[in-house]
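The exercises below ask the reader to work through a set of contacts step by step, with the coordinates at hand. Each task is followed by a worked solution.

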Amino acid sequence: MADAAMSPFPFFSTCDFCDLHKTDDSGAFRVLPPSLSSFGGKRVFAGPVSTVKCFEDNALVKAALDTPGEGRVLVVDGGGSLRRALVGGNLAAAAAANGWAGVVVDGCVRDAAELAAASVGICALGLMPLPTTKRGEGQRDVAIQVLGVSVRPGDWLYADQDGIVVSTTALHAP
């Protein structure tokens with residue numbers, strides 16, 4: 001867990017968060033299904049959420065990652081597409097350089113070696129070498145669904161080797 005020591009958050013465990021919130025049925029605490037794999041240079045990351053909703057067009061993803069991340073996590077509702085990669089090596093490098101904590105993609109990524117070398121967390125459904133087309137379509141900072149789980153701008157996302165959890169408020173490690 002070397003990544004946790006470099007995080008602005010103290011050590012956390014998504015398992016511990018789940019233990020604490022296992023009876024919460026209010027919808028304030030959510031767990032993403034175990035369908036996403038880690039591809040980035042950081043396996044542990046956390047931060048407030050910013051969102052993009054797009055389908056096989058990463059223009060808004062690029063626009064977001066080219067802005068100061070300020071420790072946020074960009075969550076991308078790519079509609080679960082396995083046909084085009086929404087994030088690649090260049091965007092991973094931009095995310096790291098601009099201070100994003102992580103990127104979570106309900107879709108695919110590419111440039112596996114470059115993603116692994118980037119100092120940013122990146123989770124996605126899988127790898128796909130085919131890039132997107134850029135039409136500038138989509139929405140930014142709107143409520144989205146990722147693998148059937150609601151994610152909203154301003155939520156807090158925590159990712160580690162065990163999974164990804166989302167909360168309406170910042171969580172503190174027990």
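## Exercise 1: An aromatic cluster

Phenylalanine 17 has a relative accessibility of 1% and therefore counts as buried. The model is a predicted one, and the exercises should be read with that in mind.

Task: determine which ring pairs link Phe12, Phe17 and Tyr158 into a cluster, and describe the geometry of each pair.

Solution. Begin with the general description: a pair of aromatic rings is characterised by how far apart the centres are and by the angle of the planes. The structure holds three aromatic pairs, and one of them joins phenylalanine 12 to phenylalanine 17, with 5.9 Å from centre to centre and 10° between the planes. Because planes under 30 degrees apart count as stacked, the pair of phenylalanine 12 and phenylalanine 17 is stacked.

Next, take the pair of phenylalanine 12 and tyrosine 158, for which the centres are 5.3 Å apart and the planes make an angle of 75°. An angle over 60 degrees counts as edge-to-face, so this pair is edge-to-face. The two partners come from distant parts of the chain, 146 residues apart, with phenylalanine 12 in the loop between α1 (2-6) and α2 (14-21) and tyrosine 158 in strand β11.

Finally, check the burial of the remaining members: phenylalanine 12 is buried at 2% relative accessibility, and tyrosine 158 is buried at 1%.

## Exercise 2: The surroundings of arginine 30

Task: establish whether arginine 30 is buried or exposed, and list what its side chain reaches.

Solution. First locate the residue: arginine 30 lies in strand β1, which covers residues 29-31. Its relative accessibility is 10%, and because buried means under 20%, arginine 30 counts as buried.

Second, follow the side chain to the backbone, where it reaches the oxygen of glycine 27 at 3.0 Å and the oxygen of serine 150 at 3.0 Å. When residues up to four places away in sequence are not counted, arginine 30 touches a set of residues that includes Val149, Val151, Ile164 and Thr168.

Third, turn to the charged partner: the side chain of arginine 30 forms a salt bridge with that of aspartate 155, at 2.3 Å from N to O. This pair links distant parts of the chain, 125 residues apart, since aspartate 155 sits in the loop between β10 (149-151) and β11 (156-160) while arginine 30 is in strand β1. Aspartate 155 is itself buried, with a relative accessible area of 3%.

## Exercise 3: Two further salt bridges

Task: for the salt bridges of arginine 83 with glutamate 56 and of arginine 110 with aspartate 111, find the N to O distance and the accessibility of each partner.

Solution. The count of salt bridges comes to five, and two of them are treated here. The side chains of arginine 83 and glutamate 56 meet at 2.6 Å, N to O. The residues are 27 apart in a pair that links distant parts of the chain, with arginine 83 in the loop between β4 (73-77) and β5 (85-87) and glutamate 56 in the loop between β3 (45-53) and α3 (59-65). Arginine 83 counts as exposed at 52% relative accessibility, whereas glutamate 56 counts as buried at 12%.

In the salt bridge of arginine 110 and aspartate 111, the N to O distance is 3.7 Å. Arginine 110 is partly exposed, with a relative accessible area of 26%, and aspartate 111 is partly exposed as well, with 29%.

## Exercise 4: The largest pocket and helix α4

Task: state how much space lies in the largest pocket, and then identify which residues of helix α4 are buried.

Solution. The largest pocket holds about 260 Å³ of space. Of its 19 lining residues, those closest to the centre are Leu36, Asp160, Asp162, Gly163 and Ile164. At least two lining residues come from each of α2, β2 (37-38) and β12 (163-167).

In helix α4 (residues 89-97), the buried residues are Gly89, Leu91, Ala92, Ala94 and Ala95. The elements that cover these residues include α3, β5, β6 (102-109), α5 (112-117) and β7 (121-127). To complete the description, note that α4 is followed by glycine 99, which has a positive phi, near 80°.

Conventions
Residues numbered from 1 in each chain as written. Predicted model: local features only at pLDDT ≥ 70, side-chain atom pairs only at ≥ 80, totals over all residues. Heavy atoms only, no water. Helix = DSSP H or I, 4+ residues; strand = E, 2+ residues; numbered from the N terminus. Buried < 20%, exposed > 50% of the residue type's maximum accessible area, 1.4 Å probe, protein only. Polar contact = N/O pair within 3.5 Å; in protein donor to acceptor, adjacent residues only side chain to side chain. Contact = heavy atoms within 4.5 Å. Salt bridge = Lys/Arg side-chain N within 4 Å of Asp/Glu carboxyl O. Phe/Tyr/Trp six-rings, centres within 6.5 Å; stacked < 30°, edge-to-face > 60°. 1 Å grid on protein atoms, 1.4 Å probe; cavity = no way out; pocket = protein on both sides within 12 Å on 5 of 7 lines; lining within 4 Å. Points joined across faces, edges and corners; volume = space filled by probe spheres on them.
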